[in-house]
Amino acid sequence: MTAQAEPSDVAPQERAKTEGGILNVFSHGILVIWGLMVTLPLLWAVMSAFKTDKEIFTSPWALPEALHLDAWGRAWSEAHMSQYFLNSIVVVAGSLAGTMLLGAMAAYVLARFEFPGNRLIYFLFVGGMSFPMILALVPLFFVMKNMNLLNTYPGLILVYIAYSLPFTVFFLTGFFRTLPTSVAEAALIDGASHTRTFFQVMLPMAKPGLISVGIFNFLGQWNQYLLPAVLNIGDEDKKLLPQGLVALAASQRYKGDWSGLFAGLVMAMLPVLAAYVVFQRQVQAGLTAGALK
């Protein structure tokens with residue numbers, strides 16, 4: 001005969017199931033609310049980009065009667081969004097490449113080699129994450145001015161790299177520590193140098209982590225407004241996309257081209273959305289790799 005569960009044992013189990021069900025419903029409800037808060041403004045901006053100015057004010061929540069593409073042409077040419085878009089691509093591409101290369105090299109050394117000052121250097125990078133960027137704007141402005149790097153692409157690229165390195169080193173240091181050391185040791189035994197081992201063995205193994213931190217850096221650098229607003233002033237042709245959007249929004253007080261403003265806003269969001277949609281699997285793999293190993 002099977003043993004019967006005592007009433008005192010059944011009650012806690014039933015109570016635990018009830019509490020778990022309530023918590024599950026509550027957490028899913030919070031996720032649904034958060035998803036709506038993120039998705040609805042995005043969909044509204046996309047719909048408004050295909051409307052006329054009259055439709056935006058008379059029926060802001062309705063679907064567009066027809067797909068009006070003339071606002072996209074005005075934003076691309078008349079509002080100079082094409083130039084701003086190209087400027088952002090040049091600066092972000094250069095800064096992202098430099099950030100990933102330097103950050104991966106520094107993180108690999110800090111994670112794999114023991115030397116005096118290793119932990120000090122690591123904590124200096126970690127401390128850089130907590131330093132408020134706004135406190136460095138004034139001295140940074142004069143340093144860039146003395147080096148003749150104001151209103152230049154190389155100046156912005158260098159500042160973006162310095163701004164993104166602390167988080168990159170912090171993230172990749174922990175990731176490199178999770179990779180097996182046996183593969184690197186086998187490469188060294190076979191005669192590979194430390195440089196070759198890093199670029200041909202360890203770097204490909206760290207691909208999920210590199211893609212994850214690369215996406216985060218891309219988002220931060222693409223949407224960065226404060227740094228280019230301070231260091232990239234006085235030259236209209238060298239403004240980046242966030243500066244161009246602010247200039248376009250300010251001009252609506254006089255032109256009233258709201259559909260063109262929404263079209264420019266969607267143009268700025270498309271690369272970010274595309275990057276996450278393409279690499280979402282790699283981002284999730286990189287974020288969970290350290291917990292699974």
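Colleague: At roughly what angle do the axes of helix α8 (residues 181–189) and helix α9 (residues 194–205) cross?
Modeller: The two axes cross at roughly 150 degrees and come within 10 Å of each other. Axes here are lines fitted to C-alpha atoms, for helices over the stretch in contact, with angles from 0 to 180 degrees between N-to-C directions.

Colleague: And what does that make α8 relative to α9?
Modeller: Roughly antiparallel. Angles over 145 degrees get that name (under 35 is roughly parallel, 65 to 115 roughly perpendicular, the rest oblique), and α8 and α9 cross at roughly 150 degrees, so α8 counts as roughly antiparallel to α9.
Modeller: Before you ask, this is a predicted model: local features need pLDDT of at least 70, and side-chain atom pairs count only at pLDDT 80 or more, while totals for chains, interfaces and linings use all residues. Numbering starts from 1 along each chain as its sequence is written, and side-chain values use heavy atoms, leaving out hydrogens and water.

Colleague: Which residues in α8 and α9 meet?
Modeller: From α8 you get Val183, Ala184, Ala187 and Leu188; from α9, His194, Thr197, Val201, Met202 and Met205. Contact means heavy atoms within 4.5 Å.

Colleague: By class, how many residues in the contact of α8 with α9 are nonpolar, polar or charged?
Modeller: Seven are nonpolar, two polar and none charged. Val, Ala, Leu and Met are among the nonpolar types, and charged means Asp, Glu, Lys or Arg, with the others polar.

Colleague: Why does Gln200 count as buried or exposed?
Modeller: Gln200, in helix α9, has 52% relative accessibility, so Gln200 counts as exposed. The cut-offs are under 20% relative accessible area for buried and over 50% for exposed, with partly exposed in between (1.4 Å probe, protein chains only). The C-alpha atoms of Gln200 and Ala187 are separated by 9.6 Å, with their positions 13 residues apart along the chain.

Colleague: What about Thr168, buried or exposed?
Modeller: Thr168 sits in helix α7 (residues 153–178), and at 0% relative accessibility Thr168 counts as buried. Leaving aside residues up to four places away in sequence, Thr168 touches Thr99, Gly103, Val213 and Asn217.

Colleague: How many helices and strands does the chain come to?
Modeller: There are 13 helices and zero strands. Both are DSSP runs numbered from the N terminus: H or I over at least four residues for a helix, E over at least two for a strand.

Colleague: What percentage of the residues of the chain count as buried?
Modeller: Of 293 residues, 35%.
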